[in-house]
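Visitor: I'd like to take a close look at a single part of this model, one chain and the way it meets its partner. Could you walk me through it?

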Amino acid sequence: MSVNSLDDPFNPGSELTHGGGCACQRCAPSASALPDNSEAMLDRAIESAIVRGVFGHNELSRRSFMGMVGGGVAAAILGSLIPMDAVKAAVKDSLGPLEKKQLKIGFVPITCATPIIMADPMGFYAKYGLEVETVKTAGWAVARDKSLAGEYDASHMLSPMPLAISMGLGSSKVPFIMPALENVNGQAIVLAMEHQDKRDPKLWKGMRFGVPFEYSMHNFLLRYYLAEHGLDPDRDVQIRVVPPPEMVANLRAGNLDGFLSPDPFNQRAVWEKVGFIHLLTKDLWAGHPCCAFACSQRFASENPNTYSALLHALIDATQYSSQAENRKAVAEAISTKNYLNQPVAVVQQVLSGRYADGLGNVLEDPKRIDFDPFPWQSMAVWILTQMKRWGYVQGDLDYRGIAEQVYRVADAGKVMAEMGMPVPADPYKSFSVMGKPFNPADPEGYLSSFPLRRS
Amino acid sequence: MTAAISMRAAILSVLLLVISLGLWEVLCREPAGVVPAADDEYALLMGAADQEARVPPPSVVFVHAFNELSQPFYDKGPNDKGIGIQLGHSLYRVLTGYLLAALVAIPIGFVIGMSPLMYRALNPFIQILRPISPLAWMPLALFVIQDSETSAIFVIFICSVWPMLLNTAFGVAGVRRDWINVARTHELSPLRTAFSVILPAAMPTILTGMRISVGIAWLVIVAAEMLVGGTGIGYYVWNEWNNLDLASVIFSILLIGVVGMLLDLMLGGVARLVSYQE
């Protein structure tokens, strides 16, 4: 097995950033150094994770340090600071034998799914002993139905979807859990080229907008943005559900005037010269959640070890994707026909954050899309306030109860701590959306502060 | 005389083909690509004009078709398979759904055709169910059956059942009374009459129904697969549409046409076998 990212982390010459099957020239694997059985592989994965964590996932500083002091000395130093054997034992204990090795995971071909997709070609699933088939899905309704039917063991979902499914909104009521976010930010409002002079949303009356799904951050953010500018999203404009891959074709056909959609379709609209980027959703709410990794409660409780391994793989992949220096390799790995099926140059602009806006400017925003696994429960509460605001749900809501049932902070926190990532102490951080602060302790007060609402 | 006409028709067909391809080639020629200067970052990020999606000229489509057809069975992961594998999945779904439909439709059609009572009793249901677009069943099927593969087969089943059912009933009801009377004078049992007199007599009409059905099933599978995704020629079209790769889309459109024609020709051949002259 040649999983190059499992090369010896104490060796200054080894390359840890490229996965199995990587065709690049530097990846001629030093076969002798690779572990040959699953036990040794797991040991190596743990060592590797700790070493990479110590160096802040910076390959350059790891390799120069190892070169300077020598791998053996470094291992001794690290061993005196961290009880390696105890950590290995603890991790193996918590992993245990996998109940199910072959998994089917659904994804919708957008850059939000990056960790779920790239974990396959870059070897993150294999690293935790999983054989995952990632299946491209035509849209969110199909992803929901295939997940409910058990055809997918787990799926890429929009962060409001597991909440909606658990509450039985727009689906049968099945407890779903969301142990990790995939990405934050990474969406944009795109308008057709003919609306170049209508940058003020007050001029948007009567226009038709696409969002990927009803229970999506896209829908809630677009509604919020329109309402803040005095437009009633139900009466003054038309908001249609359009699967992300069909957004650009619809914009070109004049079927839509604009959309708030996931990348790479925003950048693809610019690339095709049919639209321009009006704003990034990051500028409405910096660090807003978007897509997530979700599965049914049943899957998690019936296969606790598989669930844990999967969560490890995804959080590891998410962490890897968030590093700016890895983004180029990730973009190349996910642009292929098997995954996003998009020009590399488009995906590159999304992931690097240096992009053309379609109006003649080159803009730079390294946080245009970012990857952060922690499922903040305050964000679930915000999503619930917006569901209630626009009438998707009526009556009293147990905001915290639902948030804590679905957004599994404990599971994510445990894995993040094992990997040496900082774990926030309070899952209810407050934040502001378009400058208006949100206090997660008082969702009803927040809700009634909006003049425009349906409940 | 007829030979001369078919000769002239063939020449005309070729001429039409050449003219339309020529026009297409001229109208859709790629614009001369202006390579952006290396220091013009905006132009580089926007992509040159020749990278934009547009309707490709036939020469590009042919080159693409050649590439695809020269490796029809490659398998690069669950979402990237060769055109042969995709067609195989679609044909499997169409034939399974279609054969199941035939198994159900032909016996029921027979009963309806034989018995005016059954005809009247079942007619209201048939009239309501028949005009429903098969794709409208898709959400319900996905929810109830809980399996996308079976749902696609179900949709094919439901769309191909009606033409076969109605044509069988029509054919059976239209068998000449004289022939049945002759059977009766020979004291044939009702079952024997059904198989040795009515079935052969109704066969051409039944085959017409089967031919219509297979055409509809092939039309519907493309749309169903675009909706559900995963595998199949419909998924292939959808996947290339995502990437606005129109050369692939046109190639698959042509291929869908060719396969549909072959299916029709096959049933046409069977129909000739069972046809008779009165």
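Visitor: What percentage of the 278 residues in chain B are buried?

Guide: Happy to help, and please keep in mind that this is a predicted model. In chain B, buried residues account for 32% of the 278. The overall build of the chain is a good place to go next. Chain B has 11 helices and 0 strands, so from the N terminus on its elements read α-α-α-α-α-α-α-α-α-α-α. Its radius of gyration is 25 Å, whereas the globule rule gives 19 Å for 278 residues, so chain B is more spread out than a compact globule. Measured out along the principal axes, its C-alpha trace spans about 95 × 60 × 30 Å. Of the contacts in chain B between residues at least 6 apart in sequence, 70% link residues at least 24 apart.

Now to the partner. The contact between the two chains draws 27 residues from chain B and 30 residues from chain A. On the chain B side, two or more residues come from each of helix 2 (41–46), helix 6 (138–145), helix 9 (190–228) and helix 10 (233–242). By type, that side of chain B holds 12 nonpolar, 10 polar and 5 charged residues.

As for confidence in the partner, chain A has an average pLDDT of 84, with 92% of its residues scoring at least 70. Within chain A, confidence is lowest in helix 4 (residues 84–95), with a mean of 65, and highest in helix 9 (residues 217–228), at 92.

Note on methods:
Residues are numbered from 1 along each chain as its sequence is written. Chains are lettered from A and ligands numbered from 1 in the order in which they are written. This is a predicted model: local features need pLDDT of at least 70, side-chain atom pairs count only at pLDDT 80 or more; totals for chains, interfaces and linings use all residues. pLDDT is the predictor's confidence in each residue, from 0 to 100. Helices (H or I, at least four residues) and strands (E, at least two) are DSSP runs, numbered from the N terminus. Two residues are in contact if their C-beta atoms, placed from the backbone, lie within 7 Å. Ala, Val, Leu, Ile, Met, Phe, Trp, Tyr, Cys and Pro count as nonpolar, Asp, Glu, Lys and Arg as charged, and the others, Gly among them, as polar. The radius of gyration is taken over C-alpha atoms; the globule rule is 2.2 Å times the number of residues to the power 0.38. A residue is buried if 20 or more other C-beta atoms lie within 10 Å of its own, exposed if 12 or fewer, and partly exposed in between; C-beta atoms are placed from the backbone.
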